[in-house]
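Please open the model in a viewer and keep the selection panel at hand. The stops below proceed from one chain as a whole to particular groups of residues.

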Amino acid sequence: MKDKITYLTDVALITCIVTAGRGDAVIQAAQTMGAAGALVYHARGIGPRERLGLLGIAVEAEKDVVNVLVATDYQDVVFEAIYRAAELNRPGAGMAYITPIERMATFVPREILERVTGPGGQS
Amino acid sequence: MKDSVRYGDYLRAIGAGRRELSANAILPPARRDVNGRPLPPPAPPPIRLHPDEIAGLLRPYVSVRFMDQFRAVVPLALYLALFQILILRQLVDDSWLITAGLFAVILGLMFFMEGLKLGLMPFGELIGHTLPRKSSLPLVLLITLLLGIGVTFAEPAIGALQAAGRNVSPELAPYLWLLLNEWTGALVLVIGASVGLAAVLGTLRFLHGWSLKPLIYASLVPVLGLTLYGAGDPELAKVMGLAWDAGAVTTGPVTVPLVLSLGIGIAAAAGRGDSGLSGFGIVTLASLFPIIGVLLLAFYVAGTVTPTEILAIAAMAGTDMGALAWYERSPGVELILGLRAILPLVLFLFIILKFVLKEELPRPREIWLGIALTLIGMCLFNLGLTYGLSALGASAGSLVPAAFMAVPDAEGSPLYLYGVGLTLALVFAWVLGFGATIAEPALNALGVTAEQLTNGFFKKRTLILAVSVGVACGIALGVTKLIFDLPLVWLIVPPYLLATLLTLVSSEEFVNVAWDSAGVTTGPITVPLVLAMGLGFGNATQAVEGFGILCLASIGPIISVLLTGLWARLRAGLQERTDRRDPSTQPALDVQSPL
């Protein structure tokens, strides 16, 4: 069948929340470790800023949220790279988490499909 | 036994430096009441950090802000110092003191900007949002006027203007000396009132959606008229530079955001917030009105005091110099100036909040910390201004003329042939203007706005480049004025007439961006540096006064941006015309291509 949907399984979503403007560093780290792409959006974070008292001024409320989809084989390396690049071991730097993805679908180049599943895409 | 291991599992298995911890373990256990229903957990206690964790929290916060100011100050300072050492072959006097001063400027600006963001800005925004809903329009406009005066006192660059007055000689320019030394209070008040008036008019413009063009024409007529009138009097002509520079000085990092936040708040309350152009215009008017104000003040002074009386006052002031109280001497006076700049503004905002709006401060501790930071920053900045920026600018200004003429302080001057030296001095001024402008953070913000406003038609880079070239040409022209002692009127009036003409044929968006770019370029680093350099230059070349460079630096970008806008529109028009002529061939291609 011509338009058979190819589901990709074994995918993980890594989300990293950092101070606005530092998202680019996170994306770069993720890409050098094999992430295909990233999605960034802007958000406001609430929580530690209020509980830190006056020190809270050092925590920006404006955040970049970086979403990266990776194959599960890569999730730990990418996650670690992101953790290091965003310096998440510092207070107030942000957080990152991994969400398992049940399945995803997107365009996969035919050349790659044929290489993986044999000619004709039959598996 | 498995014969293959997934790479991911392998990585997870060998991963060192990881450990897993249940999130439940770091939170208090969930409680339930007798019926088994969950109870809300107690309010989380404040987070306590160890000193090293606090250091980790503050390090990036401080370093980002420090580097922002560092990048703005150091290249310029290095350029000035290297030019002196390499081209003029003179050592920078008191280099350690100047370095310490520049460091104080960087720290001061860092504290000041952060304090502004944490303290004064939320204050201003709160008032801007709530005031129009709770009070009548006349009261709102009155408060806007008073706020305009308050922010002018708080503007760091105004201090530079006052500092510059110490170098003016009472014999050569009596009125200028009087205004800058004995009448400083009145001078700043007049400038402040003009800014306030501009804010009121700008707010009315928001509310009624007036076009900026007629406002520009209407304010240019008295500006140019008074200038031409004053130019007829040889004594008054010397005040002209100050008056025009005052306009450029006012629109700095305190005035622009505070007045804008109030104006936008008022416009939003009236339901006219988002025209895209609403933010513009106030800056333009705030840089034109002070010229009128200062000129009128100068005329008033000239009408009441004669030059001989001024000389008597100056002689008396000279004898007093011996015994100055601590608060009138160098380290003390800067601190007092800093306090005097910020405290009245804070008090004014606080009184409005408490008694007119009857509101409480949100996050009061943060806002008070911000105000304290603003105070510390202002005092540090003032100190650094005296010992760092002004000293560096003055020394560069007094030494650059050594390139082409004999200057007593510089050995072996003139260093170069007259023509070569003159070219060097002008190139120096041009590059200084270009470098100072292209690094100005406010310009970047304007560029982004302009790009959005014109739907990407006017690129950010184009705008920054156009403004920088305009400022550079303006500063070079200003230096030419000082070298040849040209009357400022003939340098100022024709460009403004040209700008008026260009305004007439340009579209509303470009007019807004262009006139505002003039005010935006003159920030807290450029102003003192250029002012001090101009005065030093003026002293070395025996010009009567060293003002006027700044105002030429603000007309430059107006013209260059308007011209760029016209050129871009012309090019777009030509493109459209060729596109319209082309269609005869276009369909033919479409038919052929599938074949």
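How many helices and how many strands does chain B have? Select chain B and display it as a cartoon: there are 22 helices and zero strands. Please bear in mind throughout that this is a predicted model. Chain B comprises 595 residues, of which 47% are buried. Among its contacts between residues at least 6 apart in sequence, 85% link residues at least 24 apart.

**First stop: the nonpolar cores**

Select B:Leu179, B:Ala243, B:Val294, B:Ala298 and B:Ile475. Within the largest nonpolar core, which has 171 residues, these five touch the most other members. Next, colour residues 364-399 of chain B, which form helix H14. This helix supplies 17 residues, the largest share of the core.

Now centre the view on B:Val294. Setting aside neighbours within four places in sequence, its contacts are B:Leu187, B:Val190 and B:Ile191, together with B:Leu242, B:Ala243 and B:Ala246. B:Ala243 thus appears here as a partner of B:Val294, and it is also listed with B:Val294 among the five residues touching the most other core members.

A second, separate core has 22 residues. To find it, select A:Ile27, A:Tyr74, A:Val78 and A:Tyr83, which are among its members.

**Second stop: where the chains meet**

Show both chains together. The contact takes 16 residues from chain A and 20 from chain B. Which elements of chain B give two or more residues to the side that touches chain A? Select helix H1 (7-14), helix H2 (51-87) and H14 of chain B. H2(B) provides the largest share of this side, six residues. Coloured by residue class, the side of chain B that touches chain A shows twelve nonpolar, three polar and five charged residues.

**Third stop: a pair of helices**

Select residues 460-484 of chain B, helix H17, and residues 526-540 of chain B, helix H20. How do they pack against each other? Their axes are 9 Å apart, at an angle of about 25 degrees. Because angles under 35 degrees count as roughly parallel, H17(B) is described as roughly parallel to H20(B). The crossing of the two helices is right-handed.

To view the contact itself, show B:Ile475, B:Gly478, B:Val479 and B:Leu482 on H17(B). Opposite them, on H20(B), show B:Val530, B:Gly534, B:Phe537 and B:Gly538. By class, the residues of this contact are five nonpolar and three polar, with no charged residue. B:Ile475, which belongs to this contact, was also selected at the first stop, as one of the five core residues touching the most other members.

Terms used: Residues numbered from 1 in each chain as written. Chains lettered and ligands numbered in written order. Predicted model: local features only at pLDDT ≥ 70, side-chain atom pairs only at ≥ 80, totals over all residues. Core = buried A, V, L, I, M, F, W, Y, C linked by C-beta atoms within 7 Å. Buried ≥ 20, exposed ≤ 12 C-beta atoms within 10 Å, placed from the backbone. Helix = DSSP H or I, 4+ residues; strand = E, 2+ residues; numbered from the N terminus. Contact = placed C-beta atoms within 7 Å. Nonpolar A, V, L, I, M, F, W, Y, C, P; charged D, E, K, R; others polar. Axes fitted to C-alpha atoms, helices over the stretch in contact; angles between N-to-C directions. Parallel < 35°, antiparallel > 145°, perpendicular 65-115°, else oblique. Left-handed = near helix turned anticlockwise from the far one by under 90°.
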